[in-house]
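Q: I have a protein model open and do not know how to read it. Could we go through it one feature at a time?

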Amino acid sequence: MNRRSFLKTLALAGTLAVPGAGAARAETGGRVELATLLDLSRCVGCGECVAACRDANAAKFPEPERPFPKMYPARVRAEDWSARRDEDGRLTPYNWLTIQTAVVERDGRELEVHIPRRCMHCVNPPCANLCPWGAAYKRADGAVRINDAICLGGAKCRDVCPWGIPQRQTGVGLYLDLLPALAGNGVMYKCDRCHQRLDAGQQPACSEACPMQVQASGPREEMAARARKLAAETGGHLYGLEENGGTNTFYVSPVPFEELDRAVAQGPGRPHLRPVADVMARDEAFTAAVFGAPLAGLAAGLLTAARGLARSGRGAGEGGHD
Ligand code: SF4
Ligand code: SF4
Ligand code: SF4
């Protein structure tokens, strides 16, 4: 990358990436925001969706370089899932969808409820609004993505996500080219709603693979109406419509979510099912988004340009690697 294209990248970043106050950093475009309805009464926990997600997204999974840079301060620990790629009992950089199972008692009998968990694709996603580098963003169709070419793996997105969804892999990404000991620690990964499949007019892989037709996708208002109707007709319970100010993932369950929340294993990579207040409605989050947005756009441009420079440098000196 020469000086002229470097400056052009900066100028573009400055003009394109400044969102409205408090609104998610989003691509422009006239597409309708899509939502997914999951009818948990239909899910048998077979895991076909998990396998399909891994197959469909395998090319996006990280291939870390070793040895990992030593981080300062030393308390910053590497997160390495590359030797545990088969782990599907939680979310990892190599597993963007996991099935939680709650065993509850109904009419004196045990009832299993299976809950496919992934990114909720929030309407006003704090991960996208508060990413300091502009790496996380929301598409016009509602899919929330993390740009792995820009992400430094600082995990702000995971810190501000009410469900702690994004997962970090160390030893990969832009931080290796910048300040490997001081800036970031890898790249964050999560469900990207199979954006390439959506662009090609296909269903997400998990939805297509499900033998029980648990998932249905469509325009948000339509799916919200269907979710409310299904809950009303079946005496079911709803999750995702109001959480975090609204998401694009609606669960309808025959069992109240407070009960499911108590019954599922929780911890890192195993999200809860509790009510969630709107993170972006908090004053400090709103302020950070408003003042951070132009800087994030500029930073994204700088980082993209830096990556180009680093690549050309490596290309001249080492023969390049990607
Ligand atoms: S494929 Fe369908 S039925 Fe099987 S675990 Fe996934 S959502 Fe449930
Ligand atoms: S669930 Fe978390 S990672 Fe997904 S869009 Fe919402 S805030 Fe972002
Ligand atoms: S939408 Fe795509 S990336 Fe997201 S969980 Fe389903 S298969 Fe995985």
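Reading the model step by step

Q: Let us start with one residue: is N244 buried or exposed?

A: N244 is buried, because 22 other C-beta atoms lie within 10 Å and the cut-off for buried is 20 or more. Keep in mind throughout that this is a predicted model.

Q: Where in the chain does N244 lie?

A: Its place is the loop between β9 and β10.

Q: What is the phi of N244?

A: The general idea comes before the case. Most residues other than glycine have a negative phi. N244 departs from this, with a positive phi near 50 degrees in a residue that is not glycine.

Q: Which other residue has a positive phi although it is not a glycine?

A: Q213 is one, with a phi of about 50 degrees. Look for Q213 in the loop between α6 (205-209) and β8.

Q: Does Q213 count as buried or exposed?

A: Q213 counts as exposed, because it has 9 C-beta neighbours inside 10 Å and the limit for exposed is 12 or fewer. N244, by contrast, is buried.

Q: Which peptide bond is cis?

A: Again, the general idea is stated before the case. Most peptide bonds are trans. The bond from R66 to P67 is cis, and its omega is near -5 degrees. P67 sits in the loop between α2 (48-57) and β2 (98-106).

Q: How many helices and strands does the protein have?

A: There are nine helices and 10 strands.

Q: What is the order of the strands in the open sheet of four?

A: To read a sheet, go across it from one edge to the other. Here the order is β8-β1-β10-β9, and the pairing is mixed. The strands at the edges, β8 (215-219) and β9 (237-239), each pair on one side only. On average, neighbouring strands of this sheet are turned by 20 degrees against each other, ignoring direction.

Q: In which sense do β1 and β8 pair?

A: Strand β1, residues 34-39, pairs with β8 in the antiparallel sense, over five bridges. You can find single bridge partners too: L37 has A216 as its partner in β8, and T36 stands opposite S217 of that strand.

Q: And how do β1 and β10 run?

A: They run parallel, joined by four bridges. One partner pair there is L38 and Y251, the latter in β10. Taken together, the antiparallel pairing of β1 with β8 and the parallel pairing of β1 with β10 show what mixed pairing looks like in this sheet.

Q: Which helix packs on the sheet?

A: Helix α7, residues 220-234, packs on the sheet and touches β1, β8, β9 and β10 (249-253). The direction of α7 makes about 20 degrees with that of β1.

Q: Which residues on each side of β1 are buried?

A: Side chains along a strand can be read as two faces. On one side of β1 they are L34, T36 and L38, and on the other A35, L37 and D39, so both faces are covered, all of these residues being buried. Counted as a whole, six of the six residues of β1 are buried. For the entire protein of 322 residues, 40% count as buried.

Q: Which residues of the largest nonpolar core touch the most other members?

A: The core has 67 residues, and those with the most contacts to other members are C127, C131, W133, A135, A136, C157 and F250. Take A136 as a case: leaving out residues up to four places away in sequence, A136 touches C127, A128, C131, V144, I146 and C157.

Q: Which residues are closest to ligand 1?

A: Start with the surrounding residues, then sort them by class. Ligand 1 is surrounded by 14 residues, the closest being C43, C46, E48, C49 and C210. Its shell has 10 nonpolar, three polar and one charged residues. Both α2 and β3 (109-117) supply at least two residues of that shell.

Q: How many residues surround ligand 2?

A: The number is 14, with C119, C122, P125, C127 and C161 closest. By class, 12 are nonpolar, one is polar and one is charged. C127 also appears among the core residues that touch the most other members.

Q: Which element gives the most to the shell around ligand 3?

A: That is α2, with four residues. The shell of ligand 3 holds 14 residues, and C53, C191, C194, P204 and C206 are the closest. It divides into 10 nonpolar, one polar and three charged residues.

How values were computed
Residues numbered from 1 in each chain as written. Chains lettered and ligands numbered in written order. Predicted model: local features only at pLDDT ≥ 70, side-chain atom pairs only at ≥ 80, totals over all residues. Near = placed C-beta within 6 Å. Nonpolar A, V, L, I, M, F, W, Y, C, P; charged D, E, K, R; others polar. Pairing = 2+ DSSP bridges. Axes fitted to C-alpha atoms, helices over the stretch in contact; angles between N-to-C directions. Contact = placed C-beta atoms within 7 Å. Core = buried A, V, L, I, M, F, W, Y, C linked by C-beta atoms within 7 Å.
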